[in-house]
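Biologist: I've got a new model open and plenty of "how do you know" questions. Can we go through it together?

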Amino acid sequence: ITDPYAQLYSGWRGLPYPGYQLPAIWCFKGTEIDHTRLNNSINFLYDSQAWFKNKFKPSLPGPCAQAFVWNRQDALAYAPDGKPDQFIMQHWYAEAWSGYEPRAFFGGCDAVHELWSRQDSTVIPPKLISFCQNWMNYLKWFMKNNVGKAPTYFRDNGSVEYDGFTPHMSGLWLAGACMMAIAGYPDHELIQLLFDEIQLNYAVISPNHVMNGTWPASIRTGNETTAENNSMFFSFYSGELLRGLGLYVQYYNLHK
């Protein structure tokens with residue numbers, strides 16, 4: 001909602017954060033690429049990843065900062081030291097939602113796929129490729145060291161953990177990795193790890209269980225006639241998972 005030419009102040013802008021960067025909106029097929037905004041978005045993702053690596057020294061680069069305190073009067077209070085133009089690991093004084101991390105990954109991969117799909121002389125920016133491949137290498141390393149489980153908890157102290165199957169995050173990891181493979185940057189081992197984790201958590205419990213056919217985060221297997229045999233499974237879980245599985249089908253048909 002920021003317009004540099006607006007004559008009126010239009011309200012609180014909040015903080016920019018990598019989890020909602022979607023560089024692909026500046027490069028849709030059939031339109032001219034807005035290279036300035038595209039590269040700004042890519043640089044933001046790339047810099048947020050580099051900041052996390054330099055601050056927390058993970059085994060491999062991948063995760064991002066959770067937000068950026070820009071130089072606006074309504075944002076300065078969120079900086080730990082009151083200084084603008086720095087990345088942070090919180091939103092509004094609290095630990096940020098971990099779901100923004102796979103969204104940052106997917107946003108980068110989506111842009112790679114969009115630029116590739118133009119089938120013209122468009123050069124995919126090297127920083128964008130690096131951002132996505134760093135994430136893929138990190139995910140594979142994490143899963144190999146956590147019994148095939150993808151990360152689900154990103155703490156504000158830089159610790160990255162698995163704290164239970166989280167469907168929408170698994171769907172985003174799989175979708176991003178498949179988009180990269182379709183665009184010519186495959187990591188077959190990673191994709192299989194991500195797909196297997198989703199398959200392992202598909203709910204088939206008993207003939208009439210209410211949660212059959214879903215990927216709930218936590219299944220209650222109580223008496224079938226009680227209200228306690230339900231579980232969380234939100235509509236956006238379905239959307240992220242089905243997109244990931246749909247892209248897996250496309251990937252599989254290309255590489256089988």
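Modeller: Sure, and keep in mind that this is a predicted model. Let's begin with Tyr100, which counts as buried at 13% relative accessibility.

Biologist: Why is Tyr100 called buried?

Modeller: The cut-off for buried is under 20% relative accessible area. Tyr100 has 13%, so Tyr100 counts as buried.

Biologist: And what about Tyr17, is that one buried or exposed?

Modeller: Tyr17 has a relative accessible area of 15%. That is also under 20%, so Tyr17 is buried.

Biologist: What makes Tyr17 and Tyr100 an aromatic pair?

Modeller: In general, a pair of aromatic rings is described by the distance of the centres and the angle of the planes. Rings pair if their centres lie within 6.5 Å, and for Tyr17 and Tyr100 the distance is 4.9 Å centre to centre. Their planes are 65 degrees apart; over 60 counts as edge-to-face, so that's the label here.

Biologist: What does the pair of Tyr17 and Tyr100 tie together?

Modeller: Tyr17 lies in the segment before α1 (35–56), while Tyr100 lies in helix α2 (residues 100–117). Those parts are 83 residues apart in sequence, so the pair ties them together.

Biologist: How do you know which kind of pair Phe236 and Tyr237 form?

Modeller: Same recipe! The ring centres are 5.2 Å apart, which is within 6.5 Å, so the rings pair. The planes sit at 85 degrees, which is over 60, so the pair is edge-to-face.

Biologist: Why is Phe236 called partly exposed?

Modeller: Partly exposed covers the range between the 20% and 50% cut-offs. Phe236 has 34% relative accessibility, so Phe236 lands in that range. Tyr237, with 6%, is buried.

Biologist: How many aromatic pairs are there in the whole structure?

Modeller: A search finds 25. There's an aromatic cluster too, formed by Phe105, Trp135, Tyr138, Trp141, Phe142, Phe154 and Trp173.

Biologist: Phe154 rings a bell. Which residues does Ser98 touch?

Modeller: Not counting residues up to four places away in sequence, Ser98 touches Gln66, Thr152, Tyr153, Phe154 and Met169. Ser98 sits in the loop between β4 (94–95) and α2.

Biologist: It's in a loop, so let me ask: is Ser98 buried or exposed?

Modeller: Ser98 has a relative accessible area of 9%. With the cut-off at under 20%, Ser98 is buried.

Biologist: And where is Gly158?

Modeller: Gly158 is in the loop between β5 (153–154) and β6 (160–161). Gly158 has a relative accessible area of 16%, under the 20% cut-off, so Gly158 is buried. Leaving aside neighbours within four places in sequence, Gly158 is in contact with Phe52 and Phe56. The C-alpha atoms of Gly158 and Pro58 are 8.1 Å apart, although the two are 100 residues apart along the chain.

Biologist: Zooming out, how do you know that the chain agrees with a compact globule?

Modeller: For 256 residues, a compact globule would have a radius of gyration near 18 Å; the chain has 20 Å, which agrees. The C-alpha trace spans about 60 × 45 × 40 Å along its principal axes. Buried residues make up 47% of the chain.

Biologist: Last one: what pattern do the helices and strands follow?

Modeller: The chain has six helices and six strands. Along the sequence they read α-β-β-β-β-α-α-β-β-α-α-α.

Definitions and conventions:
Residues are numbered from 1 along each chain as its sequence is written. This is a predicted model: local features need pLDDT of at least 70, side-chain atom pairs count only at pLDDT 80 or more; totals for chains, interfaces and linings use all residues. Side-chain values use heavy atoms; hydrogens and water are left out. Helices (H or I, at least four residues) and strands (E, at least two) are DSSP runs, numbered from the N terminus. The radius of gyration is taken over C-alpha atoms; the globule rule is 2.2 Å times the number of residues to the power 0.38. Buried means under 20% relative accessible area, exposed over 50%, partly exposed in between (1.4 Å probe, protein chains only). Rings of Phe, Tyr and Trp (its six-membered ring) pair if their centres lie within 6.5 Å; planes under 30 degrees apart count as stacked, over 60 as edge-to-face and the rest as tilted. Contact means heavy atoms within 4.5 Å.
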